[in-house]
Amino acid sequence: MSAGITGVGKYVPERILTNQDLEKIVDTNDEWIRTRTGIEERRIADDDVDTADMAYQASKQAIENAEIKPEEIDLILVATVTPDKSFPTVSCMLQERLGATKAAAMDISAACAGFMYGVITAKQFIDTGVYKHVLVVGAEKLSKITDWKDRNTCVLFGDGAGAAVIGKVSGDRGIKSFELGADGAGGKYLQQKDNYIQMNGREVFKFAVRQMPESSLNVVKQAGLSKEDVDYLVPHQANIRIMEAARNKLDIPVDKMATSVKKYGNTSSASIPIALAEAVESGDVKDDDFVVLVGFGGGLTWGAVGLKWGK
Ligand code: COA
């Protein structure tokens with residue numbers, strides 16, 4: 001028995017900001033945003049809703065879905081670049097609100113690849129037998145670090161949270177392979193500066209269209225499989241063109257890739273668990289499917305997992 005995902009959950013704020021709404025704020029248009037990014041709308045959290053609130057909603061669902069009690073959780077890892085405060089961490093706030101009294105708790109900072117860093121860290125604790133249940137959350141309130149005057153970035157991001165419980169799964173299911181990486185030299189291309197997200201879009205694009213396909217293929221090979229064996233792809237939801245590069249590399253059909261980017265934009269560390277939770281809920285991901293999760297982000301960072309789905 002190896003480590004796998006035993007439950008998933010998600011939360012997105014109700015408030016929708018469409019491309020048409022953005023046309024009134026900055027010099028942009030729906031056509032430009034849709035054709036360059038695939039994004040049609042994104043969710044924005046109210047002022048009184050913070051990262052921990054969204055993390056809590058997604059986590060509650062994931063814990064229910066995993067059919068465990070909060071008291072059984074051994075460790076909480078929250079991937080976020082938009083914590084409510086630098087301390088206490090979002091994971092500690094979450095531990096209290098969930099009543100996960102036994103759990104150790106820490107935040108992980110690896111930008112949009114944060115959820116992948118969390119899942120792969122959780123896997124180590126499960127595989128060694130040290131812990132039974134690890135809650136991994138990706139939660140972001142990116143709207144609070146978005147420069148609403150900068151059309152290069154403000155059209156891209158949204159708020160939300162996704163969560164997964166990692167534990168032992170049955171038979172030959174579970175995480176078969178993983179890859180993590182970082183390239184600090186590229187940090188300057190995507191950073192928080194003067195409180196806001198600043199980005200060299202072209203450089204990030206070049207990095208992402210190279211890294212996402214490469215990491216996806218690497219985890220397939222490392223699992224001893226070939227691309228024909230991939231049933232579903234959940235890439236970081238940053239830009240449909242980047243996601244397409246990964247899909248083409250794996251040679252899989254359009255309907256075998258999660259594409260919630262059009263509804264939620266880029267929610268950073270939350271994008272993969274939100275997309276995964278929706279794919280599980282809709283039945284796009286089924287028991288025994290071989291699923292690839294792959295992400296990249298500021299740092300620069302990246303991570304991928306190949307897993308056979310199911311408890
Ligand atoms: N609306 C209208 N025009 C815009 C715009 C907007 N929201 N944002 C930028 N433009 C303009 C640019 O100013 C540029 O004009 P110029 O040529 O007069 O300078 C023009 O559109 C083309 O910009 P370009 O950068 O060539 O577009 P692109 O095809 O590279 O797409 C991104 C831009 C940002 C969509 C793309 O580079 C990208 O997705 N990069 C990766 C971003 C990412 O994933 N970040 C998160 C990582 S986790």
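**Exercise 1.** Determine in which pocket the ligand sits.

*Solution.* The model is predicted: local features require pLDDT of at least 70 and side-chain atom pairs pLDDT 80 or more, whereas totals for chains, interfaces and linings use all residues. Residues are numbered from 1 along each chain as its sequence is written, and side-chain values use heavy atoms, without hydrogens and water. On a 1 Å grid over the protein atoms alone, a pocket is an open set of points with protein on both sides within 12 Å along at least five of seven lines. A molecule sits in a pocket if more than half of its atoms lie within 2 Å of the pocket's grid points. By this criterion, the ligand occupies the largest pocket.

**Exercise 2.** Describe the shell around the ligand by class, helix or strand, and domain.

*Solution.* Step one: 23 residues surround the ligand (a heavy atom within 4 Å), and T28, R151, G201, R202 and N239 come nearest. Step two: 10 are nonpolar, eight polar (Gly among them) and five charged (Asp, Glu, Lys and Arg). Step three: α7 (201-222) is one of the elements that supply at least two residues; with four, α7 gives the largest share. Step four: domain 1 (2-169) and domain 2 (174-308) each contribute at least three residues.

**Exercise 3.** State the distances of the polar contacts (N or O pairs within 3.5 Å) made by the side chains of T28, W32 and R36.

*Solution.* T28 lies 2.6 Å from a ligand nitrogen. For ligand oxygen atoms, the distance is 3.3 Å to W32 and 3.0 Å to R36.

Note on methods
A polar contact is a pair of N or O atoms within 3.5 Å; within protein, one must be able to donate a hydrogen and the other to accept it, and residues adjacent in sequence count only if both atoms are side-chain atoms. On a 1 Å grid over the protein atoms alone, a cavity is a set of points where a 1.4 Å probe fits but cannot get out, and a pocket is an open set with protein on both sides within 12 Å along at least five of seven lines; lining residues have an atom within 4 Å of a point. Domain bounds come from an automatic or database domain assignment.
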